[in-house]
Every structure is written in structure tokens, then in C-alpha cells.
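Please read the following report with the sequence and the model side by side. It moves from loops to strands, and then on to contacts between charged side chains.

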Amino acid sequence: MSANVETMFSVREKPWHGLGTIVMEAPTSAEALRLAGLDWMVVQEPVYTGYNEMVKGYKANVRSSDRKVLGVVSDRYKVVQNTDAFSFTDELLGKGVRYETAGSLQEGKKVWLLARLPREYIIAGERISPYLVFSNTHDGSGSVKVAVTPVRVVCNNTLNLALDTAKRSFSMIHTGNIRDKMQEAKDTLFMAEQYMDSLGIEFEQLRRQKMTDAQVKEYIGLLLPMEEDATPVQSKNIIRLRKDMEQRYYDAPDLQKVGNNAYRFINAVSDFATHSDPLRRTANYNENLFARTVDGNPLIDKAYQLVKAA
């Protein structure tokens, strides 16, 4: 587990981002708050100097459960409580929504939840499950982010492509009218079905787009470039990574019947980006991997742009 993970739960098994502990079934929102260790509030309090002088224009975000200061923010900052996040998804997804993952990072400074949308899609003959990811910060370092992340069920590959035809994510800063912004996010994400429909159309086009072995090799080289002044060790590492990605295209059991096409290539890159061992595993590697479920994965998006430009 990432060294930065403070508390969380996960359903049945670790999800694709590698974080979490195991519970037997997806809980309700009230249970999820408790299991994830998120059943606390953020209280805003004045900030004072060492001489007991109030610092005007700033407040401290303090965790109610243990009085931990999560961050110092401007007095324009509006708190989005953990309960607000769960209420948001309850209302968005309807009664009976059950959560897959939720948790706290960096001692409560960052929190997230992940819910599996009730509808499963059959796209290009394969089962695709869309997830709703909600992330928030309590230290003033980032915005509230909400995104739809499709996952290919057979292999847990994320397929959150940046489409031109439909929006998959929404973000908002912690200032202004938060209630109106939350409503705007709901209105945007009610279009999740539109994104999934557009994704289905795109997948069909990618399946029809044949790829030669030469193209596969060329695109892998572009995704994993070799610097002109690379040291022998660096060259060896790039060659190993290229071979890994290539094997995921040709040898992955779940892709054997897909055909040699752009859809297969995108899945191979996703498999590599999601599941391959990095050259150097940092303490927050899994945290960064999970963050890409909201922000998108640059490597997958680059692969998608390569095949689209062909």
C-alpha cells in the first residue's frame, strides 16, 4: 500500500490502482464513510501568529476527529465536506448506490471515493463497466474533481480516453457558490451515458482500423522514445519497457481474438500504463496511478492520438 494512504476500504479485492484493504461487499454511503475513516468534518478556524495576533484573510482547515490542521487557506475558500461528496454521488446515481473504494491520503489532506455505475455496457462485444470517481482536497492544493472512468472488465484496463465528442470529467475550485457548482457537476455527469455511447462508437472505429507490425513497432518507439545521449543503462531500460509493451499487444490472453487493430493497441498501452512495473517505484506511485483515473493517463491519450492521426 502507498506510504501516503492513511485510511480506506476496498471491495473484495484490490482495485486496478493497487490501493486498499478488503471488505466483503460494497457498503452504503453511511457505511462507506465509517469504513474509509472519513466520518469527520473540516472545521475552519482563525489563524494566529506566535504573538497571538490574528492573521487576516486566512483560516485553518482543521479535522474534527483529532484537531489536525489539514491546511491554511484564504477566507474565500469554501469547504466541501466528506459527507457532501457521498451525498453528491447518492443523488447523482440514485438510491441504493454502493461504493467500491473510498479513502484518505496524506493524513486527510486528500480524499476520494469511487462508485461503480449501475449499468454495464457491451461495447465492441466486450463488457465495459463505468466508474464514478470523486476526489477532493482539504489543504487548498487542488480542486474538486469528478470523472467517469470506463474499465474493461476482463482485465481491469482503464479506457478513459479524451474524446472530442463527449466530456468525461468536471472540476471546480473551492470558491464562489459551491452549491451551484455541485449542481453544474451533476448536470455534466448526467451525460455519462453520452460519453459511454461516444466511446462505443470510437471503439468500433478503432477495431476496424487495422495495424501492421511495422506500425506497432513505430508507435511503441514514439511512446517510449530513446534519447540520443542515453546511457547504456537507460538504453537497456527503454528496450525492456518497449518489449513489455510489445508483449502486451501480441501475447495478452484477453486480446488474442481482438485482431491486429488500433483497439488492440490502445488496450495494450492501457495494460502497460495500468499494470506494468515502473523502472523506479516511488512511495506515492499507486497514488499517482489512481489520480490518473480522474485526470486521464498521458500515455494512453498519446497512443490514442497516434492511431487517430494515422
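Glu 107 sits in the loop between strand 5 (99–105) and strand 6 (110–116). The model shown here is a predicted one, and in it the phi angle of Glu 107 is near 55 degrees, a positive value in a residue other than glycine. With a relative accessibility of 43%, Glu 107 counts as partly exposed.

A positive phi also appears in the loop between strand 2 and strand 3, where Asn 52 is found. For Asn 52 the angle is near 65 degrees, again in a residue other than glycine. Asn 52 has a relative accessible area of 61% and is exposed, because a residue is called exposed when that value is over 50%.

**The sheet of strands 2, 3 and 4**

In what order do the three strands of the open sheet lie? The order is 2-3-4, and the pairing is antiparallel. Strand 2 and strand 4 are the edge strands, each of them pairing on one side only. From one strand to the next, the twist averages 35 degrees. As a general matter, strands of a sheet pair through backbone hydrogen bonds, in either a parallel or an antiparallel manner.

Strand 3 and strand 4 run antiparallel and are joined by five bridges. Across this pairing, Val 62 stands opposite Val 69 in strand 4, while Ala 60 stands opposite Val 72 in strand 4. The two strands form a hairpin with five residues between them, and in the turn Arg 67 has a positive phi of about 65 degrees.

Some of these residues return at the surface of the model. Tyr 58, Val 69 and Val 72 make a nonpolar surface patch of about 280 Å². Of these residues, Val 69 has its place in strand 4 and is partly exposed, with a relative accessible area of 45%.

**Salt bridges**

How many salt bridges does the structure hold? There are nine of them, and the table gives some examples, with the distance between the closest N and O atoms of each pair.

| Residue | Partner | Closest N and O atoms |
|---|---|---|
| Glu 45 | Arg 67 | 2.6 Å |
| Arg 63 | Asp 66 | 2.9 Å |
| Arg 248 | Asp 271 | 3.1 Å |

The salt bridge between Glu 45 and Arg 67, with its closest N and O atoms 2.6 Å apart, leads back to the sheet described above. Glu 45 lies in strand 2 (residues 42–48) and Arg 67 in the loop between strand 3 (54–63) and strand 4 (69–74), so the pair ties together parts that are 22 residues apart in sequence. Glu 45 itself is partly exposed, at a relative accessible area of 23%.

For the salt bridge of Arg 63 with Asp 66, are the two residues buried or partly exposed? Arg 63 is buried, with a relative accessible area of 4%, whereas Asp 66 is partly exposed, with a value of 41%.

Arg 248 and Asp 271 form a further salt bridge, in which the closest N and O atoms are 3.1 Å apart. This pair links distant parts of the chain, since Arg 248 is in helix 6 (residues 232–250) and Asp 271 is in helix 7 (residues 262–275), 23 residues apart. Arg 248 has a relative accessible area of 17% and is buried; Asp 271, with a value of 15%, is buried too. Both count as buried because their values are under 20%.

Salt bridges also link Glu 126, Arg 152 and Asp 254 in a network.

**The surroundings of Arg 207**

Glu 126, a member of that network, is also one of the residues touched by Arg 207. The place of Arg 207 is in helix 4 (residues 192–208). Leaving aside residues up to four places away in sequence, Arg 207 touches Ala 124, Glu 126, Val 258, Asn 261 and Tyr 263. The C-alpha atoms of Arg 207 and Asn 260 are separated by 8.4 Å, although these residues are 53 residues apart along the chain. With a relative accessible area of 21%, Arg 207 is partly exposed.

Note on methods. Residues are numbered from 1 along each chain as its sequence is written. This is a predicted model: local features need pLDDT of at least 70, side-chain atom pairs count only at pLDDT 80 or more; totals for chains, interfaces and linings use all residues. Side-chain values use heavy atoms; hydrogens and water are left out. A salt bridge is a side-chain nitrogen of Lys or Arg within 4 Å of a carboxyl oxygen of Asp or Glu. Helices (H or I, at least four residues) and strands (E, at least two) are DSSP runs, numbered from the N terminus. Buried means under 20% relative accessible area, exposed over 50%, partly exposed in between (1.4 Å probe, protein chains only). Patches are made of residues with over 30% relative accessible area and no salt bridge: like charges are joined within 9 Å, nonpolar side chains (Val, Leu, Ile, Met, Phe, Trp, Tyr) within 5 Å. Accessible areas come from the Shrake-Rupley method with a 1.4 Å probe; for residues, only the protein chains shown count as cover. Two strands pair if DSSP finds at least two bridges between them. Axes are lines fitted to C-alpha atoms, for helices over the stretch in contact, and angles run from 0 to 180 degrees between N-to-C directions. Contact means heavy atoms within 4.5 Å.
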